[in-house]
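I pulled this one up today to see how it is put together. My notes are below, in the order I looked things up.

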Amino acid sequence: MPPSPPRIAPAWLLAIALATAGPVVAQAPPAQGAEATGDAEAVAAGPRTGDAWVDAQLADIDRYAARHRRALADELVRYRDTPRAFADELLGREDWSAGEAYFACALAQVVGRPCRAVVAARDRDRDRPWAELAEELGAAPGSAPYRRLKEGIAASYRRWARPLALDAELRRAIPEDARPPTP
């Protein structure tokens with residue numbers, strides 16, 4: 001009788017399969033509301049806040065909220081002075097992304113208005129860039145209120161223990177011990 005072939009342990013089989021399968025690329029989930037509205041052009045245009053760093057973080061907040069919607073709602077309630085019912089309503093709207101909801105409430109906070117008022121102003125003209133609305137409310141990109149808004153984004157990331165690459169302005173403004181983890 002011929003000798004039987006050597007047996008390969010299941011762990012080795014898995015390792016061989018993974019090594020020969022080629023790279024696997026993770027795909028980020030679409031921005032909340034992107035599929036529901038079907039408005040791919042608006043989603044591709046981004047939030048247009050007047051600050052590329054903020055635009056990138058709002059897109060990341062969309063990805064974060066896809067898995068941690070409750071944590072984002074808690075953030076809006078605890079740190080952005082948004083009533084719980086309104087935070088839940090806003091995050092449940094198909095025509096608003098989670099990043100835009102965050103931005104609206106953060107903008108409202110730095111200009112001393114209720115989030116509901118900023119949302120109502122945005123709803124009146126959804127095609128207008130956020131930068132124009134922010135300027136109208138006294139928080140134009142580059143202004144002191146806008147810098148506070150950006151610092152607030154970094155503080156949120158720190159609370160979430162979510163990695164964040166700070167821009168040059170924030171690296172100067174935020175002490176090392178108060179920064180979120182870096183990617």
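These entries go from the overall fold to one helix pair, one helix face and two loop residues.

**Overall fold.** I am working from a predicted model. I went through the secondary structure and found ten helices and zero strands. Read along the sequence, the pattern is α-α-α-α-α-α-α-α-α-α.

**Burial and surface.** I looked up how much of the chain is tucked away: 38% of the 183 residues count as buried. The exposed area of the protein comes to about 10,700 Å², and carbon and sulfur atoms supply 55% of that. I also checked the contacts between residues at least 6 apart in sequence, and 55% of them join residues at least 24 apart.

**α4 against α9.** Next I asked myself at what angle α4 and α9 pack. Helix α4 covers residues 52–79 and helix α9 covers residues 144–160; their angle is about 65° and their axes are 10 Å apart. I noted the crossing as left-handed. I then listed who meets whom. From α4, the residues in the contact include Trp-53, Val-54, Ile-61, Tyr-64, Leu-72 and Tyr-79. The α9 side includes Tyr-146, Ile-153, Tyr-157 and Trp-160. Charged side chains turn up as well, among them Asp-60 and Glu-75 in α4, and Lys-150 and Arg-159 in α9. My tally for the α4–α9 contact is eleven nonpolar, two polar and four charged residues.

**The buried face of α7.** Which residues of helix α7 are buried? In this helix, residues 115–124, I found Cys-115, Val-118, Val-119, Ala-121 and Arg-122. They sit on the same side of α7, because they cover an arc of only 160° around the axis. I wanted to know what that side packs against, and the buried residues of α7 meet three helices: α5 (84–92), α6 (98–111) and α8 (130–136). I put a mark by Arg-122, a charged residue on the buried list.

**Two positive phi values.** Last, I went through the backbone for positive phi outside glycine. Asp-81 has phi near 55°, and I found this residue in the loop between α4 and α5. Is Asp-81 buried or exposed? Its relative accessibility is 60%, over the 50% cut-off, so Asp-81 counts as exposed. Ala-161 also has a positive phi, of about 55°, although it is not a glycine. I placed Ala-161 in the loop between α9 and α10 (168–173). At 55% relative accessibility, Ala-161 counts as exposed too.

Conventions:
Residues numbered from 1 in each chain as written. Predicted model: local features only at pLDDT ≥ 70, side-chain atom pairs only at ≥ 80, totals over all residues. Heavy atoms only, no water. Helix = DSSP H or I, 4+ residues; strand = E, 2+ residues; numbered from the N terminus. Buried < 20%, exposed > 50% of the residue type's maximum accessible area, 1.4 Å probe, protein only. Contact = heavy atoms within 4.5 Å. Areas by Shrake-Rupley, 256 points an atom, 1.4 Å probe, with all protein chains shown as cover. Axes fitted to C-alpha atoms, helices over the stretch in contact; angles between N-to-C directions. Left-handed = near helix turned anticlockwise from the far one by under 90°. Arc of directions from axis to C-beta.
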